[in-house]
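This report describes strand pairing and charged side-chain contacts in a predicted model. The sequence and structure are shown first.

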Amino acid sequence: MKTTTSKIITLSLAFTLMAVLNEARSQSVIPTGVTIYNPAKAYNSYVLHSSPDEKSHLIDMNGNEVKSWNHIGFPSEIIDPKNNNGKKGNILIQLENGPGVYGGIFNNKVLGEQDWNGKTVWEWGKKAPGGAARQNHDVHRLANGNTLLVGTVDHIVKGVSDKSIDDQTIYEVNPNGDIVWSWNAGDHIDEFGISPEGRELLRKVYVNGRKGHGFLTINDMQPIGPNKWFSAGDTRFHPDNIVIDSREVSFIAIIEKKTGKIVWHLGPDFDLKENDPKASNFVNSVNLRPSLATNVPRPVDRFSGQHDAHIIPEGLPGAGNLLVFDNQGPSGYPPTYLASQLGSRILEIDPIKKEIVWQYTALNSNQPVWNFYSSFISSARRLPNGNTLIDEGMNGRIFQVTPAGEIVWEYVNPFFKETTLSGTQTIKTNWVFRAQPVPYDWVPEGTPRSEKGLEPIDLSKFRVPQTKNN
């Protein structure tokens, strides 16, 4: 009991430390909008993101807003026209939310689709269990016209609690709003590779139940799509199967769509013997902190609190590999031991060999590792020219890097808003949950765009202009 209690206290202290460190690295003056842009090296597209102002913003490469919708998304997603009867510029967003932090995104009542002009053309909520969508963390329009989404449902999860808790469900909903497939995370608690120690800690945490937005925090859900592994005969990577990841328990997994079973997972626990058959000692992953190593390929080391895990689609550089934003935020059952020099990472992983084949940290941009860090939210997407679009979510910073780590486009979200986190504490923030690269031909023809280059500023010489004394 003392051991379990100490682990809970350790996790709480870790979250407190994160808040202190983040506060310490903040500035009074933050430039917003586009701060770096090299049109010759960047992949040029629109970028979509939601903001604390409870709107969804589509910007061009110079940061100009070319379109906005008066609803937030969790996330907002422009629909690929080929999955939407050729319609361009339609968006999936949350149409009606209840009270709560971040604009009530965790208390979503109605999920919907709006067209380019802001007209609602589809919505889902009344046919959801309990009459409310409770959508959170991900939504995706499938090629068959159905919509795949993550939601929350309250029920008893055997082996975790004998009281109702906030489990997460994936629904596939047809255009008529009927649920044609569903999957509950809690039904598969024995398949995620959680250690006996972790399971005991889960039981302690949820002994009195809880109703929230998801006890495992499944923050990502993407169909695998066509890929080389399945073409070579590996049925675990069937195109209809779904990649998920858990922010709270630090695992990535593949759901077999046909059976609902977990057929592949990475994490939550690693040991040296798993990664190196010649290792003489088992070393649990809680002691295996990610190093600052830049050499690749190498065995996957411990990720923590990760987001946006997905298989890179065919046609893009790295196709078939797993791309994930490794937050290195407090997470895990038991809690991850984090490195003293905190920094997030983007990892590209060979899912068969379970090796890191490419990575990005601030070191790749010749910066201290702590210059790139988001302990929660965030995303990473591979682009057609081999660059990667990265959302450093908690700081509202979206940027694009080359394979070598050169920053060729950078944008800081200018849409701030005051929000209440707990009690009466109010903060001003520009957080961005996820950023979506949107090809030019996904929106109506004639949509304006600008591509004027902007050289980086030498921060060692930049000074805020001073007012002269009269």
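What is the order of the strands in the open sheet of five strands?

## Sheet order and edges

In this predicted model, the open sheet runs in the order E1-E25-E24-E23-E22, and its pairing is antiparallel. Strand E1 (33–37) and strand E22 (379–382) stand at the edges; each has a single partner strand, so one side of each lacks a neighbour in the sheet. From one strand to the next, the twist averages 10 degrees.

## Strand E24 and its partners

Strand E24 (residues 397–401) is mostly covered, with five of its five residues buried. The burial applies to both faces: Arg397, Phe399 and Val401 lie on one side, while Ile398 and Gln400 lie on the other.

E24 is joined to strand E23 (residues 388–392) by five bridges in an antiparallel arrangement, and to strand E25 (residues 407–412) by five bridges, also antiparallel. Glutamine 400 faces leucine 389 in the first of these pairings and has tryptophan 409 as its bridge partner in E25. Beyond E23, four bridges connect that strand to E22, again antiparallel, and arginine 381 stands opposite leucine 389.

## Hairpin glycines

The hairpin of E23 and E24 has four residues between the strands, and its glycine 396 adopts a positive phi near 65 degrees. In the hairpin of E24 and E25, five residues separate the strands, and glycine 405 has a positive phi near 100 degrees.

## Salt bridges

The structure holds 24 salt bridges. One of them joins aspartate 154 to arginine 134, with the closest N and O atoms 3.2 Å apart. Aspartate 154 belongs to strand E10 (residues 147–155) and arginine 134 to the loop between strand E8 (120–124) and strand E9 (135–141), so this pair ties together parts that are 20 residues apart in sequence. Aspartate 154 is partly exposed at 25% relative accessibility, as is arginine 134 at 22%.

Arginine 302 and aspartate 269 form another salt bridge (3.5 Å, N to O). Arginine 302 is in the loop between strand E17 (298–299) and strand E18 (307–311), and aspartate 269 is in the loop between strand E16 (262–266) and helix H5 (272–275), so the contact ties together parts 33 residues apart in sequence. Both arginine 302 and aspartate 269 are buried.

## A charged network

Arg381, which stands opposite leucine 389 in E23, also takes part in a network of salt bridges with Asp138, Asp220, Asp308 and Arg434.

Conventions:
Residues numbered from 1 in each chain as written. Predicted model: local features only at pLDDT ≥ 70, side-chain atom pairs only at ≥ 80, totals over all residues. Heavy atoms only, no water. Buried < 20%, exposed > 50% of the residue type's maximum accessible area, 1.4 Å probe, protein only. Helix = DSSP H or I, 4+ residues; strand = E, 2+ residues; numbered from the N terminus. Pairing = 2+ DSSP bridges. Axes fitted to C-alpha atoms, helices over the stretch in contact; angles between N-to-C directions. Salt bridge = Lys/Arg side-chain N within 4 Å of Asp/Glu carboxyl O.
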